[in-house]
Each structure stands twice: as structure tokens, then as C-alpha cells.
Amino acid sequence: MRDHLDELEISPELVREMVDAGEAFVLLDIREDWEWELAHLDGALHIPMGELEGRIDSLDPNEEIVIYCHHGERSIDACLVLWNAGYRKVRNLTGGISAWSELIDPSVPRY
């Protein structure tokens with residue numbers, strides 16, 4: 001799967017379209033608690049990366065899951081964790097919350 005990581009990417013613009021269309025999906029924030037407190041996206045589920053494997057059963061493998069972190073690096077690792085556990089509907093928010101703030105919603109604090 002590592003050879004095809006670009007297939008897991010989804011742009012902030014496409015995620016915005018999904019939100020606007022009312023599509024059902026899980027927006028998963030895997031950043032640390034302190035990062036969550038600084039800024040997060042409305043409606044996101046927060047499971048820090050260090051807790052993901054232990055809490056994986058709280059996620060439904062049949063639901064589409066869009067994962068984000070600060071810049072999109074840790075979240076690609078989270079996609080791989082879920083992929084290796086049999087989750088096939090996982091996507092990485094390209095550029096993370098930083099890109100979301102820059103391209104979609106400047107009211108989301110940048111850090």
C-alpha cells in the first residue's frame with residue numbers, strides 16, 4: 001500500500017464538498033490533545049495517534065473515514081494503521097488542518 005499512498009489523499013476542497021452535500025463520513029482528528037485544544041474541525045472525532053490502535057474497534061470499517069493531522073504526515077500513517085486492520089474506506093486530508101485553514105476556513109486557528 002505504501003507504493004500507492006497518493007490514492008489515499010483527498011483534497012480539502014473535496015472534503016468541503018462532502019460536508020456541504022451532507023455526505024455521511026467520519027472526520028477523524030489524530031493530533032495530540034494540546035493540538036485539538038488549539039484548533040479542530042467541527043464534527044470531528046478525536047482519537048490521538050498514540051491511542052488509535054487501542055481504540056480501533058470504536059470505528060466502523062464500513063464507514064468512510066477522512067483522517068487529518070496538522071500537515072497530513074501523521075494522518076497518512078494513521079490511514080496505514082487502519083488499512084492494515086482491514087479498513088478500506090480511509091482517506092488522508094491533504095495538507096491537514098493547516099491546509100483546511102488556508103484554503104477553506106480561515107477562522108480555524110493556525111499554529
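**Reading cysteines and strand pairing in a predicted model**

A search of the whole structure, which is a predicted model, finds zero disulfides.

Visitor: Why is Cys 69 not in a disulfide?

Guide: The general idea is to compare the sulfur separation with the cut-off, since a disulfide is a pair of cysteine sulfur atoms within 2.5 Å. Here the closest cysteine sulfur to that of Cys 69 belongs to Cys 79 and lies 9.4 Å away, which is too far for a bond. Cys 79, for its part, is likewise in no disulfide, its nearest cysteine sulfur being that of Cys 69.

Visitor: Are these cysteines, Cys 69 and Cys 79, buried or exposed?

Guide: One reads this from the relative accessible area, with buried meaning under 20%. Cys 69 is buried at 2%, and Cys 79 is buried at 0%.

Visitor: Which strands pair with β5, and in which sense?

Guide: Strand pairing is read from the bridges that join two strands. Strand β1, residues 9–10, pairs with β5 in the parallel sense over two bridges, and Ile 10 stands opposite Leu 93 of β5. β4 and β5 also run parallel, joined by three bridges, with Val 90 in β5 as the bridge partner of Ile 65.

Visitor: What unit do β4, helix α4 and β5 make?

Guide: Together with helix α4, which covers residues 74–84, the strands β4 and β5 make a β-α-β unit that is right-handed.

Visitor: How many residues of helix α5 are buried, and what do they pack against?

Guide: Helix α5, residues 96–103, is mostly covered, with six of its eight residues buried, among them Ile 97 and Trp 100. The buried residues of α5 pack against α1, β4 and β5.

How values were computed:
Residues numbered from 1 in each chain as written. Predicted model: local features only at pLDDT ≥ 70, side-chain atom pairs only at ≥ 80, totals over all residues. Heavy atoms only, no water. Buried < 20%, exposed > 50% of the residue type's maximum accessible area, 1.4 Å probe, protein only. Helix = DSSP H or I, 4+ residues; strand = E, 2+ residues; numbered from the N terminus. Contact = heavy atoms within 4.5 Å. Right-handed = clockwise from strand over helix to strand, strands pointing away.
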